[in-house]
Amino acid sequence: MKSVAVIWNNYAGLFKITCLMLSAMLLMNISLAAQHKLDVISGWIHFSDASNSLYHDLADKAYRALDRRDSVVAALNTLSDWRRRQKTVRQTLANIVGPLPEKTPLNARITKTINKDDYSIEDIIYESQPGLYVTSSLFIPAGLKNRAPAIIYCSGHSDDGYRYPVYQHTILNLVKKGFIVFAFDPVDQGERGEYYDTITGASEIGYRDPATGKYITGAPDTDHSYSGAQAFIIGGSQARFMIWDGIRAVDYLLTRKEVDPARIGITGRSGGGTQSAYIAAFDNRIYAAAPECYITNFTRLIQSIGPQDAEQDLYHGIANGIDHADFLAVRAPKPALMITTTRDMFSIQGARETAAEVSRIYSAYGKKDNFRMVADDAPHASTRKNRESMYAFFQKYLNNPGDSDDRKVKLLSNKELLVSSTGRASGSPGAKTVFDLDSAEAKKLIHQITISRKDIPRHLSAVVNSAERLSGYREPGVYHKPVFTGRFQKDGYVIEKYFVKGEGDYIIPYLLLVPDNANHKAIICLDSGGKSDKDSVGKTAEWFARKGYTV
């Protein structure tokens, strides 16, 4: 009997738990059903992707601009045609990225020197702009008797900049093959973190991971986009700072007696691929460029992973007819190598299409061999095949022949490559940040606005015109009748569900709350929770409806 009682108690407990679970599920379903009642297009298959409407609309605008660009490029046939195109692209890039700062003293100083068996390292801080400190390291092969070729190495999105093991491996292989290598920390990476949390030791900037719900911090791409948003507000770009850091890196190399100024190259992977493509496009002192795991084209990028970090989105770039191919074509016929992988997040199809376009200008120059693309079957990664192709490329075009095998090297510690005394350049006395520079620019613009406000009628007219231009606003065209999808009665008012066509190929779903005793006044209610949010309809909108307002 005792065992029977135990079994019964267990079943009774299980029964209670089951009842509680069913009750919770019922309440949840009731809540979901109530919210579902407010869904306007639920069950409409044609609008099943409505949550991506904005993306598709912006993408369509981009595709139209890119189609116009492609039509222009397709019509280029002669070398004269291509040279005119290069001049146009050069000016366009200068307009959308610039104006670049004036060149000021680098104030470069060597913070320490490390001697190894077959090379040495000088850790250096230079100022790309007054107070904007750039941490860097110059790797010099031992036993140089003549001026040597130099390669600028741009780091991808790593917290520790060029100290990241994969980047170090590439740098040291180049050094052991007789190249001087100059590596610098991009903004918000390595020792140039600008949003440093002294408690966590990581960046304060982060984002909520949609998969886990956890708050992720310390990601350089997030920091770049945070600073980039500030730049966009003043009509600039995060790319301007990164490009200028690289141009000043060339300036520094030319002060070194070990460097042959006619043999300068640049490379980098991922975010470093972006920087190397940009810097080479802007600085014609760079003879050979090998961007890795970045170049595709905007059409395939938008179709696949979408726009990336702020520095990869030049202000009004697509609208001005700029695509990835332009970063390479503008510097033709100087040698260029596109390094790609077939399973990269940056579309390999886009890379192939870009390579085909760039090949045309090199053929027009009669220098077809100066450009090529290499691809390895791998994801977004550095591979032995690609590294060896890059070594061979620089050995050929920077006139430094030798063995192009990728060899095992002994990496340095982060401590050895620590450039500043604290590991934080922005924490040094007198240091400025990107925020400081953007703020100074914003103050100049605000001053102009303040002056403009002295003539209010003219100022307000200009404000409206500027808002229309910057937002892309268009006057509503053809009137489209709303589509009615359902209705249900509430106490004192009725909720009707509609959608209406927007200005593009998308629809706008909305709710219309019609009071039983209307006061003939109407209110448009926009809530951060959306039209289906219970607080919006259940509190804000309902309050007005019960007062006789149509909402």
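## Helices, a sheet and two cores

His169, Thr170, Asn173 and Leu174 in helix α4 meet Arg387, Met390 and Tyr391 in helix α11. That contact is a friendly place to start a tour of this predicted model. From there we can move to the sheet that α4 packs on, then to the nonpolar cores, and finally to a few residues with unusual backbone geometry.

**Where α4 meets α11**

- Sorted by class, the contact of these two helices has 3 nonpolar, 3 polar and 1 charged residues.
- Helix α11 spans residues 384–397, and its axis comes within 11 Å of the axis of α4.
- The two axes cross at roughly 35 degrees, and the crossing is right-handed.

**The sheet**

- Look next for an open sheet of 9 strands, with the order β1-β2-β3-β5-β4-β8-β9-β10-β11 and mixed pairing.
- At its edges are β1 (109–115) and β11 (371–376), each of which pairs on one side only.
- From one strand to the next, the twist averages 20 degrees.
- As a general rule, strands of a sheet pair through backbone hydrogen bonds, either parallel or antiparallel.
- Helix α4 (residues 165–176) packs on this sheet and touches β2 (119–129), β3 (132–141), β4 (148–154), β5 (180–184) and β8 (259–269).
- The direction of α4 makes about 45 degrees with that of β3.
- Helix α10 (residues 348–364) also packs on the sheet, where it touches β10 and β11.
- The direction of α10 makes about 160 degrees with that of β11.

**A closer look at β10**

- Strand β10 covers residues 336–341 and pairs with β11 in the parallel sense, over 6 bridges.
- Strand β9 (residues 288–292) runs parallel to β10 too, and 2 bridges join them.
- Ile339 of β10 is a handy residue to click on: Glu292 stands opposite Ile339, and Val374 is the bridge partner of Ile339 in β11.
- Another pair to find is Ala336 with its bridge partner in β11, Phe371.
- How many of the residues of β10 are buried? The count is 6 of 6, so that the strand is mostly covered.
- In a regular strand, side chains alternate between the two faces of the sheet.
- Both faces of β10 are covered, with Ala336, Met338 and Thr340 buried on one side and Leu337, Ile339 and Thr341 buried on the other.

**The nonpolar cores**

- In soluble globular proteins, nonpolar side chains tend to be buried together.
- Here the largest nonpolar core has 38 residues, and Leu93, Leu314, Phe327 and Phe371 have the most contacts inside it.
- At least two residues of this core come from each of α2 (53–74), α3 (79–97), α6 (238–253), α7 (271–282), α8 (298–303), α9 (324–329), β10 and α10.
- Which element gives the most to this core? Helix α10 does, with 6 residues.
- Leaving aside residues up to four places away in sequence, Leu93 touches Gly98, Ala281, Phe282, Leu314, Ile322 and Phe327.
- Apart from this core lies another, of 34 residues, including Ile114, Tyr167, Phe179 and Tyr391.
- Tyr391 links back to our starting point, as one of the α11 residues that meet α4.

**Loops with something to notice**

- Most residues other than glycine have a negative phi, and most peptide bonds are trans.
- Asn107, in the loop between α3 and β1, has a positive phi, near 50 degrees.
- Ser270, in the loop between β8 and α7, has a positive phi as well, near 65 degrees.
- Is Ser270 buried or exposed? Ser270 counts as buried because its relative accessibility is 10%, and the cut-off for buried is under 20%.
- Asn107 has a relative accessible area of 48%, so it is partly exposed.
- A cis peptide bond joins Ala332 and Pro333, with omega about 10 degrees; Pro333 is in the loop between α9 and β10.
- Thr255 lies in the loop between α6 and β8, and with a relative accessible area of 53% Thr255 is exposed.
- Thr255 and Pro99 are 156 residues apart along the chain, and their C-alpha atoms are separated by 25 Å.

Conventions: Residues are numbered from 1 along each chain as its sequence is written. This is a predicted model: local features need pLDDT of at least 70, side-chain atom pairs count only at pLDDT 80 or more; totals for chains, interfaces and linings use all residues. Side-chain values use heavy atoms; hydrogens and water are left out. Two strands pair if DSSP finds at least two bridges between them. Helices (H or I, at least four residues) and strands (E, at least two) are DSSP runs, numbered from the N terminus. Axes are lines fitted to C-alpha atoms, for helices over the stretch in contact, and angles run from 0 to 180 degrees between N-to-C directions. Contact means heavy atoms within 4.5 Å. A crossing is left-handed if the near helix is turned anticlockwise from the far one by less than a right angle, and right-handed if clockwise. Ala, Val, Leu, Ile, Met, Phe, Trp, Tyr, Cys and Pro count as nonpolar, Asp, Glu, Lys and Arg as charged, and the others, Gly among them, as polar. A nonpolar core is a set of buried Ala, Val, Leu, Ile, Met, Phe, Trp, Tyr and Cys residues joined through side-chain atoms within 4.5 Å. Buried means under 20% relative accessible area, exposed over 50%, partly exposed in between (1.4 Å probe, protein chains only).
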